[in-house]
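Trainee: I am new to this entry and would like to go through it step by step. Could we look at the model together before I ask about details?

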Amino acid sequence: MGNRQLAQRDQSVIWHPCTQMKDHECQAVTPIRCGQGVWLEDFDGKRYLDAISSWWVNLFGHANPYINAALRGQLERLEHVLLAGFTHEPAVNLAERLLELAPVGLSRCFYADNGSSAVEVALKMSFHYWRNGGQLQKTRFITLENSYHGETLGALAVGDVDLYKKTYAPLLMEVITAPSPDCYHREPGESWEAYSSRRFLELEHILAEHADEICAVIVEPLVQCAGSMRMYDPIYLSLLREACDRFGVHLIADEIAVGFGRTGTLFACEQAGITPDFLCLSKGLTGGYLPLSAVLTSDTIYRAFYADYTTQKAFLHSHSYTGNALACTAGLASLDLFGKEDVLNRNRELARLMGDAAAPFADHPHVAEVRQTGMILAIELVKDKLAREPYDWRERRGLAVYRHGLERGVLLRPLGDVVYFMPPYVITPEEIDLMAEVAFEGIELATT
Ligand SMILES: *Cc1c(COP(=O)(O)O)cnc(C)c1O
């Protein structure tokens with residue numbers, strides 16, 4: 001079996017995610033036969049450096065020997081059991097470990113099986129908390145401009161990326177959208193901190209006006225990943241935490257993309273020294289192995305649901321694969337690796353190398369900004385550098401970078417015209433250089 005045959009069979013049966021299938025008339029899907037570390041290998045033996053961690057999930061490389069061994073062991077004992085009325089060791093161990101590592105004050109772990117579901121859980125829990133306390137007027141959510149929280153209808157409603165949301169608008173609950181703290185829009189010479197603080201004032205006004213009807217504010221701490229890797233200062237989170245307390249509104253931190261070391265700390269919230277009321281985790285939670293998510297919350301929230309069955313206060317939400325034993329095992333193995341290898345310190349060095357490798361991009365005539373938060377680095381392409389005028393989206397400049405990357409054996413998958421690096425933590429300095437070199441060539445090609 002070679003690439004061609006598998007791609008052909010694929011084309012007649014599979015409808016791919018986030019894809020205009022007609023695009024595959026010009027460019028076939030890339031069938032992957034195996035993976036090793038940061039490398040993926042296709043059926044013709046060609047290798048691709050996975051510079052985006054397979055949609056931001058992979059932390060310690062593909063086919064990681066330690067995680068593989070843990071999974072093999074668990075496979076012999078138990079693959080799955082329902083989590084209502086039953087439990088298993090990996091679920092308990094992982095909940096204990098997560099709560100130990102998470103910001104202080106989070107003491108309960110509710111499992112689901114993907115990121116969007118975790119967001120749905122947090123939204124429903126927040127709403128239901130207020131309802132259980134007799135606050136029936138609290139029915140709305142505040143979200144940030146340019147945010148992304150997943151694709152299911154509730155998660156889509158609290159997101160703000162038009163590309164994914166606009167079509168389905170008639171189906172979605174109405175939310176209040178606050179201006180984003182995204183520092184791309186700061187004035188020349190203005191610091192990230194000053195800009196993010198300034199933007200916070202607008203959210204504070206909204207809270208002052210609407211707090212009575214608001215359940216929660218939902219944010220992606222520090223980096224709005226699907227929203228073109230836009231970044232902001234931790235000060236925004238500190239101010240937001242204080243305001244949510246002051247106005248009696250929950251804070252939901254969606255760390256599905258930024259959790260587990262991506263921003264330099266294990267959780268992004270740590271950089272602001274805050275504890276959210278709900279912490280949503282997925283993606284890196286299993287090291288990129290299996291679908292799993294968790295919502296961590298406080299004892300205060302938990303107790304509002306704890307009552308006699310007939311009071312009907314229970315949180316009756318579930319997914320079939322909630323807390324899957326194999327997925328929890330992968331999660332535990334991934335957390336082991338953080339402990340074993342001093343990953344966060346090593347990442348600081350890798351992040352520095354990524355920054356160095358990408359620094360020359362800033363001088364490119366079609367690069368408006370190179371920005372970085374920890375192990376996430378983004379390069380924003382524009383038509384006019386000075387005016388920051390974007391390219392017409394129909395020109396699909398980012399797609400040209402993607403195609404060049406594949407040709408050269410680097411999996412880059414720009415978000416529109418934003419090229420970014422978000423590699424597994426096992427990338428080497430030489431591989432960082434290769435990733436940057438190929439990205440640079442791609443950008444040259446795409447902007448001329
Ligand atoms: C990916 C993502 C989600 C959705 O997770 P899925 O597992 O794809 O449903 C939610 N929030 C953020 C911030 C994400 O990056």
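Mentor: A definition comes first: helices (at least four residues) and strands (at least two) are DSSP runs, numbered from the N terminus. Keep in mind that this is a predicted model.

Trainee: Where is the place of Asp-342?

Mentor: Helix H11 covers 325-341, and helix H12 covers 343-358. Asp-342 falls in neither run, so by the DSSP definition its place is a loop. That is the loop between H11 and H12.

Trainee: What is the phi of Asp-342 near?

Mentor: Asp-342 is a residue other than glycine, and its phi is positive. Its relative accessibility is 44%, so the residue counts as partly exposed. The phi is near 50°.

Trainee: Which other residue, found in helix H2, has a positive phi without being glycine?

Mentor: Helix H2 spans residues 53-56. The residue in question is buried, because its relative accessible area of 7% is under 20%. Its phi is near 75°. The residue is Trp-56.

Trainee: How many nonpolar residues are in the shell around the ligand?

Mentor: The residues around the ligand include Trp-56, Tyr-148, Ile-256 and Ala-257. Others in the shell are Asn-114, Ser-116, His-149, Gly-150 and Glu-220, among them polar and charged residues. By class there are 5 polar and 3 charged residues, and the nonpolar residues number 4.

Trainee: What share of the ligand's exposed area does the protein bury?

Mentor: Start with the polar contacts. An oxygen atom of the ligand is 2.8 Å from a polar backbone atom of Gly-115, a nitrogen atom of the ligand is 2.6 Å from an N or O atom in the side chain of Asp-254, and an oxygen atom of the ligand is 2.6 Å from an N or O atom in the side chain of Lys-283. The ligand taken alone exposes 380 Å², and of that the protein buries 83%.

Trainee: Is Asn-132 buried or exposed?

Mentor: Asn-132 is found in helix H5, which spans residues 115-132. Leaving aside residues up to four places away in sequence, Asn-132 touches Ala-304, Phe-305 and Lys-313. Its relative accessibility is 15%, which is under 20% and therefore counts as buried.

Trainee: And is Gly-133 buried or exposed?

Mentor: Gly-133 lies in the loop between H5 and strand E5 (140-144). Its C-alpha is 28 Å from that of Leu-171, and the two are 38 residues apart in sequence. The relative accessible area of Gly-133 is 59%; because this is over 50%, the residue is exposed.

Trainee: How far does helix H13 reach from its first C-alpha to its last?

Mentor: H13 covers residues 397-408, a run of 12 residues. At 1.5 Å a residue, the expected span is 16 Å. The span in the model is close to that value, at 17 Å.

Trainee: Which helix do the buried residues of H13 pack against?

Mentor: Arg-397, Gly-398, Val-401, His-404, Gly-405 and Leu-406 are buried in H13. They pack against strands E3 (47-50), E14 (376-381), E15 (410-411) and E16 (418-421). The helix they also pack against runs through 429-446 and is H14.

Trainee: Which residue just after H13 takes a positive phi?

Mentor: H13 ends at residue 408. Just after it, the phi is about 80°. The residue is Gly-409.

Trainee: How far apart in space are Leu-386 and Pro-365?

Mentor: Leu-386 sits in the loop between E14 and H13. With a relative accessible area of 86%, Leu-386 is exposed. It is 21 residues from Pro-365 in sequence, and the C-alpha to C-alpha distance is 9.1 Å.

Trainee: The backbone oxygen of which residue lies 2.7 Å from a polar side-chain atom of Thr-19?

Mentor: Thr-19 is in the loop between helix H1 (3-13) and strand E1 (32-36). At 27% relative accessibility, Thr-19 counts as partly exposed. The backbone oxygen in question belongs to Pro-17.

Definitions and conventions. Residues are numbered from 1 along each chain as its sequence is written. This is a predicted model: local features need pLDDT of at least 70, side-chain atom pairs count only at pLDDT 80 or more; totals for chains, interfaces and linings use all residues. Side-chain values use heavy atoms; hydrogens and water are left out. A residue is near a molecule or strand if one of its heavy atoms lies within 4 Å of it. A polar contact is a pair of N or O atoms within 3.5 Å; within protein, one must be able to donate a hydrogen and the other to accept it, and residues adjacent in sequence count only if both atoms are side-chain atoms. Accessible areas come from the Shrake-Rupley method with a 1.4 Å probe; for residues, only the protein chains shown count as cover. The expected span of a helix is 1.5 Å times one less than its number of residues. Buried means under 20% relative accessible area, exposed over 50%, partly exposed in between (1.4 Å probe, protein chains only). Contact means heavy atoms within 4.5 Å.
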